[in-house]
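Me: I am new to this structure and would like a close look at a single part of it. Could you take one charged residue, and walk me outward from there to its surroundings?

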Amino acid sequence: GANDDDTDGSEEKKSKPKRRRRRKTKSDYEGSIVPDHIVHSPSELNFETMFDKLRQFQQQHGTCSVPKEYDSQLHTWVGHWKSRRKQFEEMVAEEGGPDVVFPGLGDIDDKSLGKDLPEYDYEWENERVHQLEPIKALRHRHLLRARHRIQRLNTLGFSWTMKKKPKFEDRLVQLQAFIDEFGHYNVPREYTDLGEWFHKVKGKFVFQTKLFMEKQYPKLLEMGVDMSVAVEGRRRRRRKKKSDVT
C-alpha cells in the first residue's frame, strides 16, 4: 500500500552513498590563477564593505577608533582586525618569520607606502606559493592576503593598540568610589562602564561561576558588598514592572 511505498523511499534515501570531496593536490595550484569563488569569497567581499565604511568614518572624523554607539558592527570589526594582527604575527613566527614567509617584501608597517598601495595581485600570489606543499601553500596564501589587508588599514592611520580592560582590583577601587559618593553599592547598569561591569558580576553570582565565587566574591564581601541583596533587588524591580504592566 501507500505505507509500503513510503518505507521503500526512505530506505532508498538512507542507502544513498555520500559524496566525498576530493582533497586538493599540488597540481591543483600549479600554473593556475586562484578561482573566482575564492577571490570573491564572502570574507573577501565583507572586508571591502567594512573597509569602505571605515574609510568614510576616518575621512569624517580623522580617526579609525569607532565608538560602539556610532556603529556597533564597524566597532566590532575594527576590534576583530586588532586581534587578527596579533594572530597574524603568531602564524608568521610559526612559519619561520617575515624573511621566510615574505622574502623581499619589506616592512609591513612601512610608512612610505602612503595611499599608493597597489591592488592585491592574485596571479602574483600564485607565483609565490605554487612550488610549496599544498597545506603550506594555503597558509602562505592566507598570510599574504592578511598582510596586504593590514597594509591597507595602515593607509588609513589604523591604530593597532588594543584597549586594556580594567583588572578586577581596578573595578573594586571604582566601586568603592561609587559607594563613598552614593552610600550604596547597587550600581545602575546605565552608570558608565562600571554599571555594565556590575551587571555582569551579578550574572556570575547567579550562575555561581567557580573563579568568581572562589577568588573574586570574597573580596567583594570584605567591602560589604552582598551580591544576594543586589540580585534580589533586581528581581524585585522586575516583578514590580510586570505588575505595573498587568
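Reply: Let's start with arginine 139, which counts as partly exposed, with a relative accessibility of 34%. Bear in mind that what you see is a predicted model. Arginine 139 has a partner of opposite charge: it forms a salt bridge with glutamate 95, and the closest N and O atoms of the two are 2.6 Å apart. Arginine 139 belongs to helix α8, while glutamate 95 sits in the loop between α5 and α6 (98–101), so this pair ties together parts that are 44 residues apart in sequence. The partner is less open to the outside, because glutamate 95 has a relative accessibility of 11% and counts as buried, the cut-off for buried being under 20%. As background, side chains of opposite charge can pair when their charged atoms come close.

Now step back to the helix that carries arginine 139. Helix α8 runs through residues 134–154, which makes 21 residues. At 1.5 Å a residue these should span 30 Å, and the end C-alpha atoms are indeed 30 Å apart, so the two values agree. Most of α8 is covered, since 15 of its 21 residues are buried. For the protein as a whole, 32% of the 246 residues count as buried.

From the loop that holds glutamate 95, you can move back into helix α5 and find another charged pair. There, arginine 85 forms a salt bridge with glutamate 89, with 2.9 Å between the closest N and O atoms. These two are four residues apart in α5, so about one helical turn separates arginine 85 from glutamate 89. The general reason this spacing suits a pair is that an α-helix has 3.6 residues a turn, so residues three or four places apart point the same way. The two ends of the pair differ in cover: arginine 85 counts as buried at 9% relative accessibility, whereas glutamate 89 counts as partly exposed at 42%. The pair also has company, as Arg85, Glu89 and Asp109 are linked in a network of salt bridges.

A similar arrangement appears in helix α4. Aspartate 52 and arginine 55 form a salt bridge there, their closest N and O atoms lying 2.4 Å apart. They are three residues apart in α4, and again about one helical turn separates them. Here both partners count as partly exposed, aspartate 52 at 29% relative accessibility and arginine 55 at 33%. Altogether, the count for the protein comes to 12 salt bridges.

Follow the chain on from α4 (42–61) and you reach lysine 68, in the loop between that helix and α5 (72–94). Lysine 68 is exposed, with a relative accessible area of 55%. Together with Lys165, Lys200 and Lys204, Lys68 forms a positive surface patch.

One more loop is worth a visit, the one between α9 (168–182) and α10 (192–206), where you will find proline 188. Proline 188 is partly exposed, with a relative accessible area of 38%. Its C-alpha atom is separated by 8.1 Å from that of phenylalanine 198, a residue 10 places away along the chain.

To place all of this in the overall fold, the protein has 12 helices and zero strands. Reading along the sequence, you meet the pattern α-α-α-α-α-α-α-α-α-α-α-α.

Definitions and conventions
Residues are numbered from 1 along each chain as its sequence is written. This is a predicted model: local features need pLDDT of at least 70, side-chain atom pairs count only at pLDDT 80 or more; totals for chains, interfaces and linings use all residues. Side-chain values use heavy atoms; hydrogens and water are left out. Patches are made of residues with over 30% relative accessible area and no salt bridge: like charges are joined within 9 Å, nonpolar side chains (Val, Leu, Ile, Met, Phe, Trp, Tyr) within 5 Å. Accessible areas come from the Shrake-Rupley method with a 1.4 Å probe; for residues, only the protein chains shown count as cover. A salt bridge is a side-chain nitrogen of Lys or Arg within 4 Å of a carboxyl oxygen of Asp or Glu. Lys and Arg count as positive and Asp and Glu as negative; His and the chain ends are not counted. The place of a charge is taken as NZ of Lys, CZ of Arg, CG of Asp or CD of Glu. Buried means under 20% relative accessible area, exposed over 50%, partly exposed in between (1.4 Å probe, protein chains only). The expected span of a helix is 1.5 Å times one less than its number of residues.
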